[in-house]
Amino acid sequence: MACFSVAPTSSLLLQKKYVGFYVPKKHASTIIVSAITPQKFTREPSTTGAVKSGMTMTEKIVARASEKSQLSPGDNVWANVDVLMTHDVCGPGAFGIFKREFGENAKVWDREKVIVIPDHYIFTTDELANRNVNTLREFCTEQDIKYFYDIKDVADFKANPDYKGVCHVALAQEGHCRPGEMLLGTDSHTCTAGAFGQFATGIGITDAGFVLGTGKLLLKVPPSLRFVLDGEMPDYVLAKDLILQIIGEISVAGARYKSMEFVGSTVESLTMEDRMTLCNMVIEAGGKNGIVPADATTFKYLQDKTSVPYEPVYSDGQARFLSEYSFDISKLEPLVAKPHSPDNRALARECKDVKIDRVYIGSCTGGKTEDFMAAAKVFLASGKKVKVPTFLVPATQKVWMDIYSLPLPESGGKTCSQIFEEAGCDTPASPTCGACMGGPRDTYARINEPLVCVSTTNRNFPGRMGHKEGQVYLASPYTAAASALTGFVTDPRQFLQ
């Protein structure tokens, strides 16, 4: 076992330790400040059988799903899938492949384990987008899919009690995310569900078509990276800042086909929505999946959401991690990812001269209830009106209702919607993925001109939110709200301290 030290480029990264005999290639952002003994974790042994050597959480879940007692990174196994999710963008293709390969009259392997959630291109007049939703409806009716969250009246989403909104947030709210299980979805941000201590990853429509017919998929066991986040999180940073820090440290290829396990006192202090944000952008680092050990916070969240029994797993004390990164989060400052890559990390205060044209708060990353609460907190503290158009797109129908009903703490009873109205923001829109992935030209808040936008979304590649010359700065809801108030990229400490 060896450690290799080089000069640091970030004061937050306390340690990077290579574990084992394989040493990955160094990046400019890969640093080790000191060689210290990794933190020890006391966990129960694996429930998958006799333990020959320690396994990580991800290895245990894949072992359980493949009915193996022992697995190692690189092993290829047939895994039984607990939940398969698809949506309006990829569902029609997956259904077509399923019928082509298994027959026009074939039935899915389990009608209660297939979750279909229209969410991407919903509130549009685009005929092809509308046809996709119709295709979902036809298939789910034909297959008698139990969990199809349909929308028929796009003129008023509230007239559709079954409609939820963004799939990754809806999966959690509807109790489909459970510790120890395997959840696959035809969307790269399916890794969000790893916040619940489960193996969750995105797959393509060919793989999804096969899962629909068999309930199985051939998977290669990924090696694991461990990220130890310790220290009290400053009250001006959010989980979005944590993951931007990590991606900036290891790059968009730093976790390619690897599991990213998050532990430490900071992680333990996070809410479930914070943990979802953390795991959501694992794919932006190239990760196969992200995962957080289930604990009392997890169990409390699930209490009124599922009656399905589940069995958490935890990494063994002697589990092997390819690399371990330790961060002192108490030193973290508000961050942004500058155009045009999620790893183009910079301090928000370093970008104070960047003039912006709009702000977007929404998506599976930054459109949850707590995200809007955070933005409202900044607006309330400032007592000012926004200087640029500020678009609010709740992730789900429940989030939309929370915006209008939940009082912001220490606001004198004001709801987020009231605070947003006083600040001059746009009225909260219908719950959807919205402009995060661009979409049809009439998508609400889509960037149709070469504008500069501060956004709580997850990607900022050219054309991601619409116009190929648009510039997107990824940021936390705190930083997004602060920037809306000044018209420039702004450190939220200007209003929160």
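In the predicted model, the largest pocket encloses about 410 Å³ of space. Its lining comprises 22 residues, of which Val237, Leu238, Asp274, Glu370 and Tyr478 lie closest to the centre of the pocket. Two or more lining residues are supplied by each of helix 6 (239-250), helix 8 (272-280), helix 11 (369-382) and helix 14 (477-486). Among the contributors to this lining, helix 11 gives the most, with five residues. By class, the lining of the largest pocket consists of ten nonpolar, four polar and eight charged residues.

Helix 14, one of the elements of the pocket lining, also holds Thr479. The relative accessibility of Thr479 is 0%, and this residue therefore counts as buried. When residues up to four places away in sequence are disregarded, the contacts of Thr479 are with Pro334, Leu335, Val336, Ala348, Thr490 and Pro492.

The model was also examined for enclosed space. Rolling a probe the size of a water molecule over the atoms shows where empty space is left. One cavity of 30 Å³ or more was found, and the volume of the largest cavity is about 40 Å³. The largest cavity is lined by Ile447, Phe461, Gly463, Arg464, Met465, Gly466, His467, Gly470, Gln471 and Val472. This lining divides into four nonpolar residues, five polar residues and one charged residue.

Phe461, one of the residues that line the largest cavity, is located in the loop connecting strand 17 (452-455) with strand 18 (471-475). Phe461 has a relative accessible area of 37% and is therefore classed as partly exposed, since this value falls between the limits of 20% and 50%. Beyond the four nearest places in sequence, Phe461 touches His340, Ser341 and Pro342. The C-alpha atoms of Phe461 and Pro339 are 6.9 Å apart in space, although the two residues are separated by 122 residues in sequence.

The nonpolar interior was considered next. In soluble globular proteins, nonpolar side chains tend to be buried together. The largest nonpolar core of the model contains 103 residues, and the members that touch the most other members are Phe227, Phe262, Phe379 and Phe420. Helix 11 provides the largest share of this core, seven residues. A second core of 35 residues, separate from the largest one, includes Val77, Leu84, Ala94 and Phe95. Within the largest core, the surroundings of Phe420 were examined individually. Apart from neighbours within four places in sequence, Phe420 is in contact with Phe372, Ala375, Ala376, Phe379, Leu392, Ile403 and Cys425.

Ile403, a contact of Phe420, is one of the buried residues of helix 12 (residues 397-405), together with Gln397, Val399, Trp400 and Asp402. The cover over the buried residues of helix 12 includes helix 4 (167-173), helix 11 and helix 13 (416-423).

Leu392, another contact of Phe420, belongs to strand 16 (residues 390-393), which is covered on both faces. Thr390 and Leu392 are buried on one side of strand 16, and Phe391 and Val393 are buried on the other. In a regular strand the side chains alternate between the two faces of the sheet. Strand 16 runs parallel to strand 15 (residues 358-362), to which four bridges join it. Within this pair, Val393 of strand 16 stands opposite Gly362.

Strand 9 (residues 224-230) is likewise mostly covered, with six of its seven residues buried. Five bridges pair strand 9 with strand 10 (residues 259-263) in the parallel sense. Val228 has Val263 of strand 10 standing opposite.

A further set of strands forms an open sheet of five members in the order 5-4-3-6-7, with parallel pairing. Strand 5 (147-148) and strand 7 (199-202) occupy the edges and have a single partner strand each, so one side of each is left without a neighbour in the sheet. Strand 3 (residues 83-87) and strand 4 (residues 114-117) run parallel and are joined by four bridges. Met85 has Ile115 in strand 4 as its bridge partner.

Definitions and conventions:
Residues are numbered from 1 along each chain as its sequence is written. This is a predicted model: local features need pLDDT of at least 70, side-chain atom pairs count only at pLDDT 80 or more; totals for chains, interfaces and linings use all residues. Side-chain values use heavy atoms; hydrogens and water are left out. Buried means under 20% relative accessible area, exposed over 50%, partly exposed in between (1.4 Å probe, protein chains only). Contact means heavy atoms within 4.5 Å. On a 1 Å grid over the protein atoms alone, a cavity is a set of points where a 1.4 Å probe fits but cannot get out, and a pocket is an open set with protein on both sides within 12 Å along at least five of seven lines; lining residues have an atom within 4 Å of a point. Grid points are joined across faces, edges and corners, and a volume is the space filled by probe spheres set on the points. Ala, Val, Leu, Ile, Met, Phe, Trp, Tyr, Cys and Pro count as nonpolar, Asp, Glu, Lys and Arg as charged, and the others, Gly among them, as polar. A nonpolar core is a set of buried Ala, Val, Leu, Ile, Met, Phe, Trp, Tyr and Cys residues joined through side-chain atoms within 4.5 Å. Two strands pair if DSSP finds at least two bridges between them.
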